[in-house]
Amino acid sequence: MSKRLGVFIVVTTVFLAGCTKTDLPPQNLDPNEWMQTRQRSEVAYADYFSGNYIVQTPQGFAVVENWGGVVPRDFDVLYAHFQFMGMQTIYNRTRNYFTTGRVVANWLTWGEAWNILDMISR
């Protein structure tokens, strides 16, 4: 009986380890409402090879890791909670689309932002 339980646990663990959750940007959002409740930032630098980018916020710079969405271009205006680290739904006002990214670090100087971008883009 314990051998069956062990096999069941192993199979279940392997199965659950292969499952991932994909967070898609919410549907049917009103961009005007979104922009009123989020922080306005501008893309200071976009690494098109890795998809990661640096945004300039009122508190300094933030580094964003792209999660499979469209990579913004330099000087695009974005709206999100860049003052908080973690997964974010980001609205690109310049190009009019929502995407998903992870704020890796924030409240940075330009040099600190470059160092972190370099570390996560390797």
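**Notebook: salt bridges, strand β6 and the cores**

I began with E65, which forms a salt bridge with R102; the closest N and O atoms are 2.7 Å apart. The two ends belong to distant parts of the chain, with E65 in strand β3, R102 in strand β6, and their positions 37 residues apart. I note here that I am working from a predicted model.

I then looked at how the two strands are placed. β3 and β6 run antiparallel and are joined by five bridges. In this pairing E65 stands opposite R102. So the two residues that share the salt bridge also face each other across the paired strands.

How exposed is R102? I found a relative accessibility of 30%, and because buried means under 20% and exposed over 50%, R102 counts as partly exposed.

**Entry: the other salt bridges**

I searched the whole structure and found three salt bridges. One of them joins R95 to D76, with the closest N and O atoms 3.2 Å apart. This pair also links distant parts of the chain: R95 sits in the loop between β5 (86–92) and β6, D76 sits in the loop between β3 and β4, and they are 19 residues apart.

I checked whether each partner is buried or exposed. R95 is partly exposed, at 41% relative accessible area. D76 is buried, at 1%.

I also looked up R122 and D118, whose side chains meet in a salt bridge at 2.9 Å, N to O. R122 has a relative accessibility of 77% and so counts as exposed. D118 has a relative accessible area of 42% and is partly exposed.

**Entry: strand β6**

I went back to β6, which covers residues 97–108. How many of its 12 residues are buried? I noted nine, so the strand is mostly covered.

Besides β3, I looked at β5 as a partner. β5 and β6 pair in the antiparallel sense over seven bridges. Within this pairing I90 stands opposite T99 of β6. The two strands form a hairpin with four residues between them, and in the turn N96 has a positive phi of about 60 degrees.

**Entry: N106**

I picked N106, which lies in β6. Its relative accessibility is 15%, and because the limit for buried is under 20%, N106 counts as buried.

What does the side chain of N106 reach? I found the backbone oxygen of F82 at 3.3 Å and the backbone oxygen of Q83 at 2.8 Å. Leaving out residues up to four places away in sequence, N106 touches F61, A62, F82, Q83, F84 and M85.

**Entry: the nonpolar cores**

I looked up the largest nonpolar core and found 11 residues: V43, A46, Y53, V55, A62, V64, L78, A80, F82, I90 and V103. Two or more of these residues come from each of β1 (39–46), β2 (53–57), β3 (60–66) and β4 (77–80).

There is also a second, separate core of nine residues, which includes F61, V104, A113 and L117.

I chose V43, a member of the largest core, and listed its contacts. Neighbours within four places in sequence aside, V43 is in contact with Y53, I54, V55, P72, R73, D74, F75, D76 and L78. In that list I recognised D76, the residue in the salt bridge with R95.

I also compared notes on N106. Among the residues N106 touches are A62 and F82, which are in the largest core. N106 also touches F61, which is in the second core.

Definitions and conventions: Residues are numbered from 1 along each chain as its sequence is written. This is a predicted model: local features need pLDDT of at least 70, side-chain atom pairs count only at pLDDT 80 or more; totals for chains, interfaces and linings use all residues. Side-chain values use heavy atoms; hydrogens and water are left out. Buried means under 20% relative accessible area, exposed over 50%, partly exposed in between (1.4 Å probe, protein chains only). A polar contact is a pair of N or O atoms within 3.5 Å; within protein, one must be able to donate a hydrogen and the other to accept it, and residues adjacent in sequence count only if both atoms are side-chain atoms. Contact means heavy atoms within 4.5 Å. A nonpolar core is a set of buried Ala, Val, Leu, Ile, Met, Phe, Trp, Tyr and Cys residues joined through side-chain atoms within 4.5 Å. A salt bridge is a side-chain nitrogen of Lys or Arg within 4 Å of a carboxyl oxygen of Asp or Glu. Two strands pair if DSSP finds at least two bridges between them.
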